[in-house]
Amino acid sequence: RRVHGAAEKFSQDQIKPIVREMDNKQTIYPSLLKQLFENGFMGVEIPTKYDGVGANFFSSLLVVEEIARVDPSVAILTDIQNTLINTILLRYGNEQQKSFWLPKLACDTVASFCLSESASGSDAFALKCHAKPQKDGTYLLNGTKLWISNSEQAGLFIVFANTDFSRGYKGITCFLIPRDSPGLSVGKKEDKLCIRASSTCPVHLENVQVSADQILGEVGQGYRYCIELLNEGRVGIGAQMIGLTRGVLDATIPYLKERKQFGQPIWEFQGIQHQVADAMTRLECAKLLTYNAARLRESGAPFVKESAMAKYYSSEVANHVAGKCIEWMGGVGITTDYIVEKFFRDAKIGSIYEGTSNIQLNTIAKYLNKW
């Protein structure tokens, strides 16, 4: 509860005044990033012995939700750090790796999750990045990763590469690669429709030499780590989309109560009230799906189907409600004088990253086959 309250206050006081500036400049201010670390929002689940907050998975979702209520671009920064990066190190890192990296991730270092490539988007295991074993026990990495979130700020890259293509996806291995590694470079930032402040760049690996102690977990187990982590990450995206939906309603409903047509506030028309009631009902359903997936994850129960449902439905709700808010506001809704148009743009990403909506439906359908 304390983490939730702190995230809400921080978002309203520190992020909200600069949202439009960061969106226009396509950047997250370094000063804001520093504050995110100082307030513990980048290491929610990291244990206190590694300088983290020591809270639970649900707490990290509440942080993501409250920040997304103000700026989904900042929310995805915290979401990836908490649900993917910190989790994979906590779960599969050895003590030396955890002792070295977790305090940094909690206090001052952003990390990126490098999976996607030009030929491996939804088909994630078709990646071509090669980690060629060397005679001295090291690996030589070559390839390019695309659509890598937070890569502009990242000091650590968690890279998935194949050490043995003859084994197919069972050759995929996870590596911890610092930003200053020779041969690693970050390309030009994408000029995006949505979450514009969040950096999305290609990451190039050209003869990047890594030692065996930079392998995270076991050789050839990277595919399993991906599957497990992305299930949790999808719950995080559900939280982001819930926060976005709350935020766009926060920005719209007061206008509906102020704007008058035909001698009365727009809000007084039953047609508007019914549409808003429908939007609030959809929002509540999305929350329940997402919170239930989080509950199952924390209890150790299977939650693959539920995480897919949470991400799919929350992103659908965000897109639907943001679109309706634009309609309810009329002409002013499509201007940059109001933040509603930004929420409308940002909502689109929910049905794309960390598994498209069609991929989520595929996953859900597989479980329905077992009915």
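The following exchange concerns helix α1 and residue Thr 138 in a predicted model.

Visitor: How do you know that the span of helix α1 agrees with its number of residues?

Guide: Helix α1 runs over residues 2–15, and at 1.5 Å a residue its 14 residues should span 20 Å; the C-alpha atoms at its ends lie 19 Å apart, which agrees with that expectation.

Visitor: Which residues of α1 are buried, and what puts them on the same side of the helix?

Guide: The buried residues in α1 are Ala 7, Phe 10, Ser 11 and Ile 15. They cover an arc of only 100° around the axis, and therefore they sit on the same side of α1. The covering of these buried residues includes α2 (19–25), α3 (30–38), α4 (57–68) and α5 (72–92), whereas the face turned away from the buried side carries Arg 2 and Lys 9, which are exposed.

Visitor: Why is Thr 138 called buried?

Guide: Buried means under 20% relative accessible area, and Thr 138 has a relative accessibility of 14%, so this residue counts as buried. Thr 138 is located in the loop between β2 (130–133) and β3 (139–149), and, leaving aside residues up to four places away in sequence, Thr 138 touches Lys 132, Pro 133, Gln 209, Val 210 and Ser 211.

Visitor: What makes the pairing of the Thr 138 side chain with the side chain of Asp 136 a polar contact?

Guide: A polar contact requires a suitable pair of N or O atoms within 3.5 Å, and the side chains of Thr 138 and Asp 136 make such a contact at 2.6 Å. The side chain of Thr 138 also makes a polar contact with the side chain of Gln 209, at 3.1 Å.

Definitions and conventions:
Residues are numbered from 1 along each chain as its sequence is written. This is a predicted model: local features need pLDDT of at least 70, side-chain atom pairs count only at pLDDT 80 or more; totals for chains, interfaces and linings use all residues. Side-chain values use heavy atoms; hydrogens and water are left out. Helices (H or I, at least four residues) and strands (E, at least two) are DSSP runs, numbered from the N terminus. The expected span of a helix is 1.5 Å times one less than its number of residues. Buried means under 20% relative accessible area, exposed over 50%, partly exposed in between (1.4 Å probe, protein chains only). The arc is that of the directions from the helix axis to the C-beta atoms. Contact means heavy atoms within 4.5 Å. A polar contact is a pair of N or O atoms within 3.5 Å; within protein, one must be able to donate a hydrogen and the other to accept it, and residues adjacent in sequence count only if both atoms are side-chain atoms.
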